[in-house]
Every structure is written in structure tokens, then in C-alpha cells.
Amino acid sequence: FACLVSYRTSELRENVARMLSAVVSVVLFIVSVSVQAMDSKNEKTPVVESSNAPSPCGAGIPGIPGQHGLPGRDGRDGIDGKIGSKGTKGDRGERGEPGQNGSTGASTGVLNWNHCIWNEETNIDVGSIKICYFTKKREDTVLRVMYQGTLRTYCSSSKCCNRWYFSFNGIECTNPATIEGIIYGDPAKDNPHRVTQIEGHCEKLGAKQYAVGFNVGKCVKYKHPGFDAYSGWNANSRIIIEELPPPQS
């Protein structure tokens with residue numbers, strides 16, 4: 001606003017100056033013409049003094065308006081105004097079109113599995129209890145095996161120890177380790193039959209069919225005589241086999 005007032009004031013001054021200059025020029029011209037006329041009249045006609053004689057000078061014609069001055073310079077930028085209040089929430093937009101299907105992600109669950117269930121008591125001390133067949137589909141996966149059932153070791157006259165373990169096509173797992181469980185007995189104790197779970201993972205097995213066996217035998221370190229193993233007493237037994245993604249590095 002201050003810049004606008006300054007600009008208008010400057011423009012008014014320039015217009016007044018031009019008008020004054022024009023007026024002065026007209027006045028000088030009229031005076032010059034009047035002087036010449038009076039000199040000429042004085043030479044031809046004697047001067048007659050009369051207080052009532054009209055003036056020999058008439059009103060002059062208006063001068064030509066001057067040209068507009070040049071525009072003034074731009075004023076300085078004003079300061080930023082205050083931030084306005086938050087507007088109201090707009091209407092909900094239309095629903096967009098469905099996107100493209102993403103790529104298949106890596107699986108984190110069970111890829112393939114099988115189980116075998118039986119209800120049969122096995123009174124053998126060394127040998128195979130059950131074989132469950134499983135087809136492994138991929139080279140880079142691992143197998144998780146688990147046994148659930150009733151196991152016991154009975155000692156008739158001395159301390160004893162039995163070992164239950166898994167095998168794959170008749171060979172125990174070595175990567176990362178064997179999958180096994182043991183029960184140690186003492187003849188001074190009673191004859192317990194308990195539900196037991198034995199499980200583990202076996203790696204670096206190729207993609208093919210496996211005869212997954214659950215077996216019993218003597219303990220490797222403590223080979224006490226007089227042992228009596230018993231499997232599957234008065235309950236269902238089961239083997240569960242799962243094909244899983246490889247472990248973390």
C-alpha cells in the first residue's frame with residue numbers, strides 16, 4: 001500500500017509540473033503577443049487614456065496535454081502471510097482398479113508331509129518297530145521326523161538301557177546328528193510305561209522316496225545286560241514326517 005501511495009504521489013507531481021510548464025509557456029506567449037500588439041498600436045494611434053477601455057488581451061487557448069511519464073519500478077515483495085486454518089476433510093475418492101499379481105514369495109511353512117499311525121504292542125529289544133514311506137520333493141529342504149507313543153525299559157536283574165532311533169533307508173541321519181532317545185532302568189525301580197516323544201531334523205537328503213524307520217536297540221555307551229524293551233503298550237503310536245525349508249545360515 002505504501003508503495004502504491006508513493007507511486008501515485010510521484011505521478012501527480014509529474015503531472016502538476018507538466019501543467020505548470022504548459023501554463024508558463026502560454027502566459028509568456030500571450031505576454032509576447034500583447035507587447036507586440038501594443039507597440040504597433042502606439043505607432044499608429046495616439047494613446048487615449050480611459051479607465052473604462054476594455055483590455056486588449058483575450059483568453060488564450062488551452063495547451064496540449066503532455067505525455068505520460070514512464071512507469072515506476074516494481075515495489076518490494078511483501079512479507080508472507082499467516083498460515084490459513086486447516087480445511088475440511090474431502091470426500092472419499094473412488095476405488096482404484098485391482099493391481100497386478102505379485103511374485104510368489106518364499107514359503108515359511110510345511111511344504112509336504114505324511115504320517116503313519118498304528119495300535120500294536122512290540123516286545124522286541126533290537127530291530128525295526130515301524131517303517132513309514134515318504135517322498136521328498138526338493139533337494140534344498142530338510143526332513144523333520146517325530147515319534148509319539150508309549151515306551152518302557154524293564155530290568156530283570158541288573159541296570160539296563162534301551163535306545164530308540166530313526167533311520168532313512170536303513171541308515172541313521174548324520175547331518176546334523178542322529179535322531180534318538182534313550183530310557184535307562186534300574187531293577188530296584190518299578191516297571192513304568194510312559195508316553196514319549198522323540199523328534200529331530202535331518203539335512204542334505206536328496207529328492208526321492210525314503211523308508212523312514214523307527215527302531216530300537218542297545219544304548220551305545222552303556223550296554224548293560226538283561227534289558228527288556230517294550231513299545232506301544234495300550235495306546236496308539238505314530239510317526240509324523242514333514243518336509244521343511246532349510247534352516248537359517
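A disulfide is a pair of cysteine sulfur atoms within 2.5 Å. By that test, the whole structure holds three disulfides. The model is predicted.

## Overall fold

The chain has one helix and nine strands. Read along the sequence, the pattern is α-β-β-β-β-β-β-β-β-β. The helix, α1, spans residues 2–44.

Of the 249 residues in the chain, 24% count as buried. The chain exposes about 19100 Å², and carbon and sulfur atoms supply 53% of that area. Among contacts with a separation of 6 or more, 83% are between residues 24 or more positions apart.

## Disulfides

Which disulfide is left-handed? The link of Cys161 and Cys219 is, with -70° about the S-S bond. The two sulfur atoms lie 1.8 Å apart. This pair joins distant parts of the chain: Cys161 is in strand β4, while Cys219 is in the loop between β7 and β8 (227–231), and 58 residues separate them. Cys161 has a relative accessibility of 1%, so it counts as buried. Cys219 is buried too, with a relative accessible area of 3%.

Cys116 and Cys132 form another disulfide, with an S to S distance of 1.9 Å. The torsion about their S-S bond is about 80°, so this link is right-handed. Cys116 belongs to strand β1 and Cys132 to strand β2, 16 residues apart. Both ends are inside the buried range. Cys116 has a relative accessible area of 17%, so it falls under the 20% cut-off. Cys132 is buried at 0%.

A disulfide also joins Cys173 to Cys202, sulfur to sulfur 2.2 Å. Its torsion is about 100°, so the handedness is right. Cys173 sits in the loop between β4 and β5, and Cys202 in strand β6, 29 residues away in sequence. Cys173 is buried at 3% relative accessibility. Cys202 is likewise buried, with a relative accessible area of 3%.

## Salt bridges

A search of the whole structure finds six salt bridges. Arg163 takes part in bridges to Glu172 and to Glu180. The closest N and O atoms of Arg163 and Glu172 are 2.6 Å apart. For Arg163 and Glu180, the N to O distance is 2.3 Å. Glu180 lies in strand β5 (residues 180–185) and Arg163 in strand β4 (residues 160–168), so this pair ties together parts that are 17 residues apart in sequence.

Is Arg163 buried or exposed? Arg163 counts as buried, at 7% relative accessibility. Its partners are classed otherwise: Glu172 is partly exposed at 26%, and Glu180 is partly exposed at 39%.

Arg138 and Asp140 meet through their side chains in a further salt bridge, 3.1 Å from N to O. Arg138 is partly exposed, with a relative accessible area of 42%. Asp140 is partly exposed as well, at 41%. Elsewhere, a network of salt bridges links Arg144, Glu199 and Glu242.

## Nonpolar core

The largest nonpolar core has 24 residues. Which members touch the most other members? They are Trp164, Phe166, Phe168, Val212, Phe214, Ile239 and Ile241. Seen by element, two or more residues each come from β1 (112–118), β2 (127–135), β3 (142–155), β4, β6 (194–202), β7 (209–218) and β9 (237–244).

Strand β4 connects several of these features. It gives two or more residues to the core. It also holds Arg163 of the bridge to Glu180 and Cys161 of the left-handed disulfide.

## Surface patch

Where is there a nonpolar patch on the surface? Leu12, Val16 and Leu20 form one. Together they offer about 280 Å² of accessible area. Leu12 lies in helix α1. At 54% relative accessibility, Leu12 passes the 50% cut-off, so it counts as exposed.

Notes: Residues are numbered from 1 along each chain as its sequence is written. This is a predicted model: local features need pLDDT of at least 70, side-chain atom pairs count only at pLDDT 80 or more; totals for chains, interfaces and linings use all residues. Side-chain values use heavy atoms; hydrogens and water are left out. A salt bridge is a side-chain nitrogen of Lys or Arg within 4 Å of a carboxyl oxygen of Asp or Glu. Buried means under 20% relative accessible area, exposed over 50%, partly exposed in between (1.4 Å probe, protein chains only). Helices (H or I, at least four residues) and strands (E, at least two) are DSSP runs, numbered from the N terminus. A nonpolar core is a set of buried Ala, Val, Leu, Ile, Met, Phe, Trp, Tyr and Cys residues joined through side-chain atoms within 4.5 Å. Patches are made of residues with over 30% relative accessible area and no salt bridge: like charges are joined within 9 Å, nonpolar side chains (Val, Leu, Ile, Met, Phe, Trp, Tyr) within 5 Å. Accessible areas come from the Shrake-Rupley method with a 1.4 Å probe; for residues, only the protein chains shown count as cover. Contact means heavy atoms within 4.5 Å.
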